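Let's take a walk through a protein model together. Have a look at the chain first, and then we'll pick out some charged pairs, a small sheet and a few individual residues.

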Amino acid sequence: ESIRVGVAEDVLIPCLGTEGLLANVLHVLEGIHRVRPDARVHVDWVLTGAEEGFRYGEVGEDVWAHLFRALGSCLQGTSVRAASALDFAFWGTGKEYLTGRALNQHRNVYNRTLAARMEIINQRVRNEVKDVDSRALSGRFSVGVHRRVGNPKVANCQSDGTVPSIECFIECIREKIRGSRTADWKIFLASDDVQAVPLFQQAFGDRLIVRDHVQRTVADEPEVHYRNWGQLSLVDAEDVLIDTLLLARCKVLVHASSSISTFASLLNPALDLVRVA
């Protein structure tokens with residue numbers, strides 16, 4: 001499949017309907033990283049109603065066009081359909097095998113593709129990222145945290161089959177702060193876990209930055225992007241992207257395995273990655 005995408009003149013990259021927003025962003029990045037320089041590429045994220053985990057709006061809405069600049073016009077006929085994941089370093093526990101120099105090279109290579117081919121055009125996303133960054137993160141020692149809700153599906157995505165506890169995250173963050181030897185620090189929390197927010201607030205007080213009015217869930221419920229039609233909108237897609245971009249603006253990212261942390265690491269190859277065990 002990778003070879004077919006790499007030699008085709010026309011490539012259509014569809015939505016992976018069982019996956020969330022950032023897994024699909026990585027899927028697009030996988031595709032455009034492989035296409036030949038003169039290839040015509042179109043991203044088809046128009047909701048059909050058949051999606052199980054990508055329900056950011058109403059049937060017929062184009063999620064890609066709402067967030068990103070179009071890569072090309074709609075393709076018909078003989079275009080190659082990039083309908084499966086191509087780079088297993090991005091998927092499941094595969095990315096856990098990339099460490100050290102190999103991981104750094106991987107991040108730099110994909111960052112160049114990302115910078116050249118993917119442009120965020122959504123004005124709310126751009127404005128809110130700029131506002132939070134300038135007001136709270138820029139010029140400080142900033143620790144970004146991506147804490148995923150601890151349900152079995154998320155646990156299955158981790159290399160050891162378990163989701164690190166909130167207490168493990170908090171202790172890891174405190175270690176990084178102690179090591180920074182600065183009094184000017186902030187924590188930015190991106191989480192779909194309802195229970196995480198008050199515990200992080202208790203631990204870090206006014207040093208914590210967390211965005212309000214973002215949909216969250218609990219461990220005995222599905223992840224947010226699996227909610228029923230009508231419970232999510234394009235605004236929820238914007239919120240996921242805003243949180244991811246802000247994580248990438250930090251100095252350090254404390255995380256478990258996720259597409260959000262992977263994409264943040266590609267947006268900013270200098271981001272210090274700390275995986276919580």
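A salt bridge, as the term is used here, is a side-chain nitrogen of Lys or Arg within 4 Å of a carboxyl oxygen of Asp or Glu. Asp-10 and Arg-40 fit that description, since their closest N and O atoms are 2.5 Å apart. This pair links distant parts of the chain: Asp-10 belongs to strand β1 (residues 10-14) and Arg-40 to strand β2 (residues 40-44), 30 residues apart. Keep in mind that what you're looking at is a predicted model.

**The chain as a whole**

How confident is the prediction? The pLDDT of the chain averages 90, and 91% of the residues score at least 70. Confidence is highest in helix α3 (residues 63-67), with a mean of 98, and lowest in helix α6 (residues 152-156), with a mean of 61. Here's a handy rule: where pLDDT is low, the predicted coordinates should not be read in detail.

If you count up the secondary structure, you get ten helices and eight strands. The radius of gyration is 18 Å, close to the 19 Å that the globule rule gives for 277 residues, so the chain is as compact as a globular protein of that length. Picture the C-alpha atoms inside a box of roughly 60 × 45 × 35 Å, taken along the principal axes. Of the 277 residues, 51% count as buried. Among contacts with a separation of 6 or more, 72% come from residues 24 or more positions apart.

**Charged pairs**

Side chains of opposite charge can pair when their charged atoms come close. How many salt bridges does the chain have? The count comes to 17. Here are some of them, including the pair you've already met.

| Pair | N to O distance |
|---|---|
| Asp-10 and Arg-40 | 2.5 Å |
| Arg-124 and Glu-238 | 2.7 Å |
| Arg-147 and Asp-193 | 3.1 Å |

Back to that opening pair for a moment: is Asp-10 buried or exposed? Asp-10 counts as buried because its relative accessibility is 14%, and the cut-off is under 20%. Its partner Arg-40 has 44% relative accessibility, so Arg-40 counts as partly exposed.

Next comes the salt bridge between Arg-124 and Glu-238. This one also links distant parts of the chain, with Arg-124 in helix α5 (residues 123-137) and Glu-238 in helix α9 (residues 234-248), 114 residues apart. Glu-238 has just 6% relative accessibility and is buried, whereas Arg-124 is partly exposed at 32%. These two also belong to a network of salt bridges, which links Arg-124, Glu-128, Arg-211, Glu-238, Asp-239 and Asp-243.

The third pair in the table is Arg-147 with Asp-193. Arg-147 sits in strand β4 (residues 141-147) and Asp-193 in the loop between β5 (185-191) and α8 (196-204), so the pair ties together parts that are 46 residues apart in sequence. Both Arg-147 and Asp-193 are buried.

**A closer look at Asp-243**

Let's zoom in on one member of that network. Asp-243 lies in helix α9. With a relative accessible area of 8%, Asp-243 is buried. What does Asp-243 touch, leaving aside its neighbours within four places in sequence? The contacts are Phe-188, Ala-190 and Arg-211. For a sense of scale, try Asp-243 and Leu-29: they are 214 residues apart along the chain, and their C-alpha atoms are separated by 19 Å.

**A three-stranded sheet**

Now find the strands β1 and β2 again. Strands of a sheet pair through backbone hydrogen bonds, either parallel or antiparallel. In what order do the three strands of the open sheet come? The order is β2-β1-β3, and the pairing is parallel. That leaves β2 and β3 (80-81) as the edge strands, each pairing on one side only. β1 and β3 are joined by two bridges, and Val-11 has Val-80 in β3 as its bridge partner. Helix α2 (residues 21-34) lies across β1 and β2, and runs at about 170° to β1.

**One last stop: His-255**

His-255 is part of strand β7 (residues 252-255). The relative accessible area of His-255 is 11%, so this residue counts as buried. Beyond its neighbours within four places in sequence, His-255 is in contact with His-146, Phe-169, Ser-261, Leu-273, Val-274, Arg-275 and Val-276.

Key:
Residues numbered from 1 in each chain as written. Predicted model: local features only at pLDDT ≥ 70, side-chain atom pairs only at ≥ 80, totals over all residues. Heavy atoms only, no water. Helix = DSSP H or I, 4+ residues; strand = E, 2+ residues; numbered from the N terminus. Buried < 20%, exposed > 50% of the residue type's maximum accessible area, 1.4 Å probe, protein only. pLDDT = per-residue confidence, 0-100. Pairing = 2+ DSSP bridges. Contact = heavy atoms within 4.5 Å. Axes fitted to C-alpha atoms, helices over the stretch in contact; angles between N-to-C directions. Rg over C-alpha atoms; globule rule 2.2 N^0.38 Å.
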